[in-house]
Amino acid sequence: MSAIDTPNSQHIVIIGSGFGGLGMAIQLKKAGIEAFSILEKADSVGGTWRDNTYPGAACDVQSHLYSFSFEPKSDWSRKFGLQPEIRAYMEHCVDKYGLRNHIRFNTEVRSASFDRDTGLWTIQTTHRDPIEARVLIPACGQLNQPAIPDIKGIESFKGKIFHSARWDHSYDLTGKRVAVIGTGASAIQFVPEIVHQVKALKLFQRSGAWVIPKPDRPFTRFEQRVFENVPVLDRLYRAQIYWRNESRALAFTRYGFLLNIFKWQVKHLVRKQVRDPVKRAKLIPDYPVGCKRILMSNNWFQAMDQDNLDLITEAVDRIEGNTIVTRDGQRHDVDAIIYATGFKATEFLSPMKFTGLDGIDLTRAWKDGAEAYKGISVSGFPNLFILYGPNTNLAHSSILFMLESQIRYVMQCVRTLQAPGLRYMDVKPDRQQAYDDNIQARLKNSVWEAGCTSWYKTASGRNTNNWPGFTFSYRLMTGKLELQDYELEPATATQA
Ligand code: NAP
């Protein structure tokens, strides 16, 4: 019988088997806690690294840092990992730590509601039987719901359409006229891969991107052997990456002007690699460097220079059959449309519905934008701990470092709740308010407020996604669970 068939009143449910969910599960295992399940909507693990299989998918954080600190991999093939290798690393973690028996695949969570009397969450999934949990840990990431633009007339399009995060590998792009909408982190990775394959590529750019060179290369066999045989060097290499990345935090959070150094670099690169002056001018963004995510590529501008690539900055007005019509009336006939339009990143935990104390609905609680104490706890939603929650995203380093900080914190919450005599813990509303006020005040000085829209911000302009500081300050802040931050509700006589 597997762990998920034997729930008890201490059962822990994790939603999602990306890096957050797997990391949490590993720490539970290490602590000797077996009563947990991972509910996974798909049929395999990996989260964003399972979903994003587009050509050229890779990480823009160095492999040695974009991996668990406790599970080094000495034989990374390159400085920056490719999607298949990162996904294989995650599968390796599942096997090594014996997690497979805990995962319920093809089980999508629809809703969860908390019962004050029992102190338990009841979780409804796509399967009939609800699941009960003392602790509920959504680990769904910020980038899992593709954003699909609402284009007039799209239903009349008879060609192929898909989103970059749902790449249709059965569709052969060879010799096709392909439209790509969007020029963010995903587009800059796959456009250079497909531009030579397609007949014509119409790239619809709403905003340019600051694209800097990627200091990437394969590791030599010698380097891999050194990492393997002298583990301390592997760890020193990781530490060196960590501190180098960390030194950039101040540029994002306080001294945005420092990022101007990239501006000159990008302008120089564009001049060198793009022949057409009209294209060149379109490629230079009109907002400060870093306001949107800084992207890295060694072949983006070369791709832009290809004769079969048409860079269109006029907004899409409508679609008529297989023709995309822009606002200036230009008509573009295409066989396929690829949306590289990103994710609904500010709609945390959607489309799941969470109901907390007194029937409070999480979407209502977050009507002005998502917020959570330390990015983890939400007042009114006891025993719920979010991984990669509001204001924990980074522009300068590895999200795995943030996840490991959160997991350590949540482990303390789990231990607190497993002690007899406690029914639930609910973060105090004034603590959450004070925390959020401080985060929002600090964000005001950041480069993300320098005058652009981005996936970090809601339509009303509130930055719900980014952490405004160093990752080590976040680690220190989450290092110790302060019980006075929470209302602690004792168990009833029958539960104690
Ligand atoms: P994104 O960065 O949000 O880019 C979306 C692009 O689509 C932007 O250029 C955006 O333009 C455009 N767009 C959105 N809606 C549009 C519309 N209705 N009409 C026209 N254009 C529209 O999304 P992404 O490229 O998928 O990347 C999202 C995030 O995923 C990244 O920032 C990164 O954190 C992560 N990611 C990471 C890696 C990695 O290497 N680790 C790789 C891929 C993705 P505007 O800028 O004008 O809104």
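Biologist: How far is the backbone oxygen of Gly-119 from the side chain of Asn-383 that reaches it?
Modeller: A good place to start! We are looking at a predicted model, where local features need pLDDT of at least 70, side-chain atom pairs count only at pLDDT 80 or more, and totals for chains, interfaces and linings use all residues. Residues are numbered from 1 along each chain as its sequence is written, and side-chain values use heavy atoms, with hydrogens and water left out. From the side chain of Asn-383 to the backbone oxygen of Gly-119 the distance is 3.5 Å.

Biologist: Which other residue offers a backbone oxygen to the side chain of Asn-383, at 3.1 Å?
Modeller: Here we need the term polar contact: a pair of N or O atoms within 3.5 Å, where within protein one must be able to donate a hydrogen and the other to accept it, and residues adjacent in sequence count only if both atoms are side-chain atoms. At 3.1 Å, the side chain of Asn-383 reaches the backbone oxygen of Arg-134.

Biologist: Is Asn-383 buried or exposed?
Modeller: Asn-383 sits in the loop between H11 and H12; helices (H or I, at least four residues) and strands (E, at least two) are DSSP runs, numbered from the N terminus. Buried means under 20% relative accessible area, exposed over 50%, and partly exposed in between, with a 1.4 Å probe and protein chains only. Because its relative accessibility is 0%, Asn-383 counts as buried.

Biologist: What is the phi of Asn-391 near, in degrees?
Modeller: Asn-391 also belongs to the loop between H11 and H12, and at 3% relative accessibility it counts as buried. Most residues other than glycine have a negative phi. Asn-391 is a residue other than glycine with a positive value, near 55 degrees.

Biologist: Is Asp-358 buried or exposed?
Modeller: You will find Asp-358 in the loop between S18 and helix H11 (362-365). Its phi is near 55 degrees, a positive value in a residue other than glycine. With a relative accessibility of 69%, Asp-358 counts as exposed.

Biologist: Which residue is joined to Ser-350 by a cis peptide bond?
Modeller: Most peptide bonds are trans. In this cis bond, omega is about 0 degrees. The partner of Ser-350 lies in the loop between strand S17 (336-339) and strand S18 (353-355), and its name is Pro-351.

Biologist: How far apart should the ends of helix H12 be, at 1.5 Å a residue?
Modeller: H12 covers residues 399-418, and 16 of its 20 residues are buried. The expected span of a helix is 1.5 Å times one less than its number of residues. The end C-alpha atoms are 28 Å apart, which agrees with the expected span of 28 Å.

Biologist: How many residues surround the ligand?
Modeller: A residue is near a molecule or strand if one of its heavy atoms lies within 4 Å of it. The closest are Ala-58, Ala-185, Ser-186, Ser-207 and Lys-292. The total number of residues surrounding the ligand is 22.

Biologist: Which helix gives the largest share of the shell around the ligand?
Modeller: By class, the shell has 10 nonpolar, 8 polar and 4 charged residues; Ala, Val, Leu, Ile, Met, Phe, Trp, Tyr, Cys and Pro count as nonpolar, Asp, Glu, Lys and Arg as charged, and the others, Gly among them, as polar. At least three residues come from each of domain 1 (3-145 + 344-490) and domain 2 (154-209 + 248-339), with bounds from an automatic or database domain assignment. The largest share, 3 residues, comes from helix H4.

Biologist: What percentage of the ligand's area does the protein bury?
Modeller: Let us start with the contacts: oxygen atoms of the ligand lie 2.9 Å from a polar backbone atom of Thr-183, 2.8 Å from a polar backbone atom of Ala-185 and 2.9 Å from a polar side-chain atom of Arg-206. Taken alone, the ligand exposes 910 Å², and the share of this that the protein buries is 81%.

Biologist: How far apart in space are the C-alpha atoms of Val-278 and Leu-311?
Modeller: Val-278 is part of helix H9 (residues 277-283), and at 52% relative accessibility it counts as exposed. Along the sequence, Val-278 and Leu-311 are 33 residues apart. In space, their C-alpha to C-alpha distance is 9.5 Å.

Note on methods. Accessible areas come from the Shrake-Rupley method with a 1.4 Å probe; for residues, only the protein chains shown count as cover.
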